[in-house]
Amino acid sequence: MTAIQTFFLQGSVSTLLSSQSSVTSCRKVSVKFTVSCCSATSPLAVVNGNVEKRPSDRTEVRIGLPSKGRMAADSLDLLKDCQLSVRQVNPRQYVAEIPQIPNLEVWFQRPKDIVRKLVAGDLDLGIVGLDTVCEYGQGDEDLIIVHDALEYGDCRLSLAIPKYGIFENVNSMKELAEMPQWTPERPLRVATGFTYMGPKFMKENGLKHVTFSTADGALEAAPAMGIADAIVDLVSSGTTLRENNLKEIEGGVIVQSQAVLVAGRKSLMQRKGALDITHEMLERLEAHLRAVGQFTVTANMRGSSAEEVAERILSQTSLSGLQGPTISPVFCKHDGRVTANYFAIVICVPKKALYKSVQQLRAIGGSGVLISPLTYIFDEETPRWRQLLSTLGL
């Protein structure tokens with residue numbers, strides 16, 4: 001792996017990249033202690049690490065999962081719900097397996113290391129937050145978002161400024177950029193752990209005089225302590241910002257993030273079995289996530305024909321289901337004759353509309369209503385799979 005050492009010096013930043021196999025050149029950027037948006041000698045960037053991409057002789061496919069925290073627990077829960085339970089013999093080991101998918105190894109890693117190892121080719125698939133992909137992937141074309149909405153880990157990467165002082169009447173990025181206070185001698189000071197996305201965002205929004213200081217955790221205290229004017233950090237509910245007299249502003253959201261399934265393009269194209277495993281995982285994920293919050297409603301309804309019953313059901317918009325109701329005759333014996341005076345109907349209803357749908361169904365003659373949650377909804381073909389094949393040129 002390539003080792004990265006970054007030295008911040010008075011008047012310059014020297015980035016030394018060293019490798020066991022090669023040594024890259026040193027670059028100097030004119031700033032003061034930190035990376036500056038107003039540098040005239042270099043594009044605005046902070047190097048998080050150059051990863052040497054190399055081939056591998058291994059035959060197994062590897063997926064990286066977060067090793068700690070809420071993201072780790074939610075990832076394991078999602079896979080379990082998709083009948084892809086991770087079996088870890090020893091909780092201290094970093095490697096595990098998913099018995100339902102042979103030849104797939106699970107590696108527990110820090111989220112940023114998952115992205116770096118995907119770029120390097122040491123992992124083939126990974127589940128991490130989109131913010132982590134953007135920060136540590138740095139736009140690498142080898143990274144492909146296979147599923148962009150796993151529906152947990154919701155947050156946003158935002159710029160936040162104080163509610164008081166010179167920022168009291170500043171409510172947009174445009175107003176922040178137009179403030180006369182920011183000069184080469186007195187730049188806007190931003191504290192962040194996102195040393196790639198933060199500077200990139202500032203430059204794209206026309207803020208030329210900015211310096212960045214790196215920090216991890218408790219960033220909300222930086223403006224009050226006087227060591228920063230603003231922060232760039234992950235925000236969930238926004239409560240912590242408000243409690244520290246900070247505010248988000250219009251245009252200040254850098255990225256809306258949640259958990260995503262990401263893959264390496266070269267792995268999908270070159271590693272045997274990687275594309276097939278990705279297809280299976282994608283289908284399971286899509287089918288389960290589509291079924292979340294959906295219920296099957298079954299009821300009996302008296303009618304002269306299936307068409308007549310369908311007319312009554314489709315007159316109520318909340319009873320249309322996915323494509324429409326399924327209607328079949330209910331046979332019973334009356335006076336020695338088999339008749340079909342009732343029809344069984346089956347529809348799919350979202351949880352939020354469940355009670356309203358049941359009321360409408362009963363109002364048009366439905367009875368014996370049965371309700372059960374859905375586990376999977378499989379499409380004829382997964383839309384994201386078609387999109388992935390198109391991205392790969394297949």
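This report describes salt bridges in a predicted model.

## Overall count

Side chains of opposite charge can pair when their charged atoms come close. Across the whole structure, the search finds 19 salt bridges. Three of these pairs are taken up below, with their positions and accessibility.

## Asp124 and Arg58

Asp124 pairs with Arg58, and their closest N and O atoms are 2.9 Å apart. This salt bridge links distant parts of the chain, the two residues being 66 residues apart. Asp124 sits in the loop between α2 (111-120) and β7 (125-129), while Arg58 sits in the loop between β3 (27-29) and β4 (61-66). Both Asp124 and Arg58 are buried.

## Glu97 and Arg87

Glu97 forms a salt bridge with Arg87, with 2.1 Å between the closest N and O atoms. Glu97 belongs to strand β5 (residues 95-97) and Arg87 to the loop between α1 (69-81) and β5, so the salt bridge ties together parts ten residues apart in sequence.

Glu97 has a relative accessibility of 32% and therefore counts as partly exposed. Arg87, at 47% relative accessibility, also counts as partly exposed.

## Arg284 and Glu280

The salt bridge between Arg284 and Glu280 has its closest N and O atoms 3.2 Å apart. Because the two residues are four residues apart in helix α9 (residues 274-291), about one helical turn separates Arg284 from Glu280. Glu280 has a relative accessible area of 30%, so Glu280 is partly exposed.

## A shared network

Arg58, Asp124 and Arg271 are joined into one network by salt bridges that share partners. The Asp124 and Arg58 pair described above thus has both of its residues in this network.

Definitions and conventions:
Residues numbered from 1 in each chain as written. Predicted model: local features only at pLDDT ≥ 70, side-chain atom pairs only at ≥ 80, totals over all residues. Heavy atoms only, no water. Salt bridge = Lys/Arg side-chain N within 4 Å of Asp/Glu carboxyl O. Buried < 20%, exposed > 50% of the residue type's maximum accessible area, 1.4 Å probe, protein only.
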